[in-house]
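Thank you all for making time this morning. I would like to walk through one model with you, and I will ask you to keep the view open while I talk.

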Amino acid sequence: MRAPQSRTKTGTALAPPVAAVRLAVRRALTGLPGAGPVLVACSGGADSLALAAATAFVAPRLDRRAGLVTVDHGLQPGSAERAERVARWAAESGLDPVEVVPVTVAGRPGGPEAAAREARYAALVAAARRHGAAGVLLGHTRDDQAETVLLALARGAGPRGLSGMPARRELDGVPLLRPLLDVPRAHTREACAALGLTPWADPHNADPAYARSRVRADLLPALVEALGPGVVDNLARTARLLAADTAALDELAAAALAEVRAAGGGLSVEGLAALPAAVRTRVLHSWARELGASPAALSHRHVAALDALVTDWHGQGAAHLPGGLPVRRQAGRLTT
C-alpha cells in the first residue's frame with residue numbers, strides 16, 4: 001500500500017473510478033454536522049481501501065479531519081499483522097487518528113457472520129466515542145446493497161428488510177455513513193488499481209459456507225446473465241424506493257401509537273382495528289419493543305400473533321413475545 005495521489009500511477013488524468021469514489025465521499029461529508037473527525041472503517045479490502053483513500057483526499061479539502069479504524073477479528077492467521085499494515089498505510093496517507101482494535105468474536109450470539117458483525121460495530125462505536133467522531137464511514141457498495149435485497153427476499157422479509165442498508169443511520173448515538181451505496185464494486189477495485197493500492201482479498205467473501213458469499217459468487221452473476229447488468233442497479237434502486245416508503249409509514253405508525261394508547265395502560269383494540277394493516281403492524285412492532293422484546297429476536301410471527309388478537313379474536317390465549325412476555329386481550333385492550 002502507498003499513499004494515494006491526485007493522479008494515477010501512470011501520471012495521466014484522474015481515473016474516472018477514483019473521481020466517482022471521491023465524489024461520493026464529498027457528498028457524504030458535505031454538511032455533516034459536528035466538528036469532530038470522521039473515521040473510516042477499513043479492513044484493507046478494495047471497497048474500504050478505496051473509501052479510505054478517497055476520504056484522505058477529500059476530507060482536508062472540506063476542513064474536516066479524517067482518521068481510520070481497522071478491526072482485527074482474530075479469525076484468520078496473520079490478521080494482526082494485516083491490520084498493522086493497514087494502519088501504517090493510513091498514517092502515511094495523512095489519516096489521523098489511526099487505530100487497530102482487536103475484538104473477540106467467540107461466545108457472541110448468532111452465527112459467525114452475525115457475531116463478527118456485532119463485535120465490529122461495537123468496536124467502531126466505541127472508537128467513535130473515544131475520538132469524538134462526527135461519524136463512521138463504511139465501505140458498502142451498490143453490489144452489497146443488491147446482495148442485501150436478495151438475501152432479504154430469501155428470508156421473506158417485509159419492506160423494512162427489502163429497504164436494504166441505509167445511507168445514514170445512528171447506532172447508539174454514532175452516525176454510520178455509507179457513501180458508496182451508489183458506486184459499483186468494480187469501481188472500488190479499479191480505483192485501487194489506479195492509485196497503486198493492493199487490497200486484501202478476504203477469503204470469507206469466497207467461502208460458500210456463508211449465504212452472502214453464495215449470493216455474490218453464484219446468484220447475482222446468474223441474474224446478471226439472465227436479465228442484464230442493469231439488475232444490480234435495479235435491486236439497489238428498489239431498496240431506495242422502499243426505504244422512502246418505510247420511513248413514511250414509520251412516521252404514521254409513531255403518531256398512531258400515541259393515539260391508540262389506552263388510558264389504563266396497553267393499547268386500545270378499537271383504535272388498532274381502525275388502522276390500515278401496514279400501519280397497525282408497525283405500531284404493534286414498536287410497542288413490542290417498548291415492552292422489552294429484543295429487536296433481533298422479534299419476528300413476523302410475533303407481530304402476527306399480536307395482530308390476531310385484534311383482527312382474528314376468538315377468545316384465544318396470550319401471544320408470547322421473545323423472552324416469554326405474554327400479551328393478552330382484556331376489556332378491549334392489549335395488555336401484559
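**Loops, sheets and helix contacts**

Let me begin at a single residue, Ala 331, which is exposed, with a relative accessible area of 78%. Please keep in mind throughout that this is a predicted model. Ala 331 sits in the loop between E9 and E10, and its phi is positive, about 50 degrees, although the residue is not a glycine.

That loop leads us into the sheet around it, an open one in which four strands follow the order E7-E10-E9-E8 with antiparallel pairing. At its edges are strand E7, residues 267-268, and strand E8, residues 319-320, each of which pairs on one side only. Strand E8 runs antiparallel to strand E9, residues 326-330, and two bridges join them; within this pair, Ala 319 stands opposite Val 327 of E9. Lying across E8, E9 and strand E10, residues 333-335, is helix H12, residues 300-311, which runs at about 10 degrees to E9.

Let me now step back to the whole chain, before we turn to the other sheet. The chain holds 12 helices and 10 strands, and its C-alpha atoms fill a box of roughly 75 × 50 × 40 Å along the principal axes. Of its 336 residues, 44% count as buried, and the accessible surface comes to about 16300 Å², with 55% of that belonging to carbon and sulfur atoms. If we take the contacts between residues at least 6 apart in sequence, 68% of them join residues at least 24 apart.

The other sheet is also open, and its six strands are ordered E3-E2-E1-E4-E6-E5, with mixed pairing. Which strands stand at the edges here? They are strand E3, residues 98-102, and strand E5, residues 168-171; each has a single partner strand, so one side of each is left without a neighbour in the sheet. From one strand to the next, the twist averages 30 degrees.

Taking the E3 edge to begin with, strand E2, residues 66-72, runs parallel to E3 and is joined to it by five bridges, and one bridge pair consists of Asp 72 and its partner in E3, Pro 102. Helix H3, residues 79-92, packs on the sheet here, touching both E2 and E3, and its direction makes about 175 degrees with that of E2.

Two loops in this region deserve a look at the backbone. In the loop between H3 and E3 we find Pro 97, and the peptide bond from Asp 96 to Pro 97 is cis, with omega near 10 degrees. In the loop between helix H2, residues 46-61, and E2 we find Asp 63, whose phi is near 55 degrees, a positive value in a residue other than glycine. Is Asp 63 buried or exposed? Asp 63 is exposed, with a relative accessible area of 76%.

At the E5 edge, the pairing with strand E6, residues 174-177, is antiparallel and extends over four bridges, and Arg 169 stands opposite Leu 176 in E6. The two strands form a hairpin with two residues between them, and in the turn Asp 172 has a positive phi of about 50 degrees.

I will finish with two helix contacts, both of which involve helix H9. The axes of helix H5, residues 142-155, and helix H9, residues 230-260, come within 8 Å and cross at roughly 70 degrees, which makes H5 roughly perpendicular to H9. On the H5 side the contact is made by Arg 142, Asp 143, Gln 145, Ala 146, Val 149 and Leu 150, and on the H9 side by Val 232, Asp 233, Leu 235, Ala 236 and Ala 239. By class, those residues divide into seven nonpolar, one polar and three charged.

Helix H8, residues 211-227, also approaches H9, with the axes coming within 8 Å and crossing at roughly 115 degrees, and that makes H8 roughly perpendicular to H9. Here Leu 220, Leu 223, Val 224 and Leu 227 of H8 meet Val 231, Val 232 and Leu 235 of H9. What classes of residue make up the contact of H8 with H9? This contact has seven nonpolar residues, with no polar and no charged ones.

Definitions and conventions:
Residues are numbered from 1 along each chain as its sequence is written. This is a predicted model: local features need pLDDT of at least 70, side-chain atom pairs count only at pLDDT 80 or more; totals for chains, interfaces and linings use all residues. Side-chain values use heavy atoms; hydrogens and water are left out. Two strands pair if DSSP finds at least two bridges between them. Axes are lines fitted to C-alpha atoms, for helices over the stretch in contact, and angles run from 0 to 180 degrees between N-to-C directions. Contact means heavy atoms within 4.5 Å. Angles under 35 degrees count as roughly parallel, over 145 as roughly antiparallel, 65 to 115 as roughly perpendicular and the rest as oblique. Ala, Val, Leu, Ile, Met, Phe, Trp, Tyr, Cys and Pro count as nonpolar, Asp, Glu, Lys and Arg as charged, and the others, Gly among them, as polar. Buried means under 20% relative accessible area, exposed over 50%, partly exposed in between (1.4 Å probe, protein chains only). Accessible areas come from the Shrake-Rupley method with a 1.4 Å probe; for residues, only the protein chains shown count as cover.
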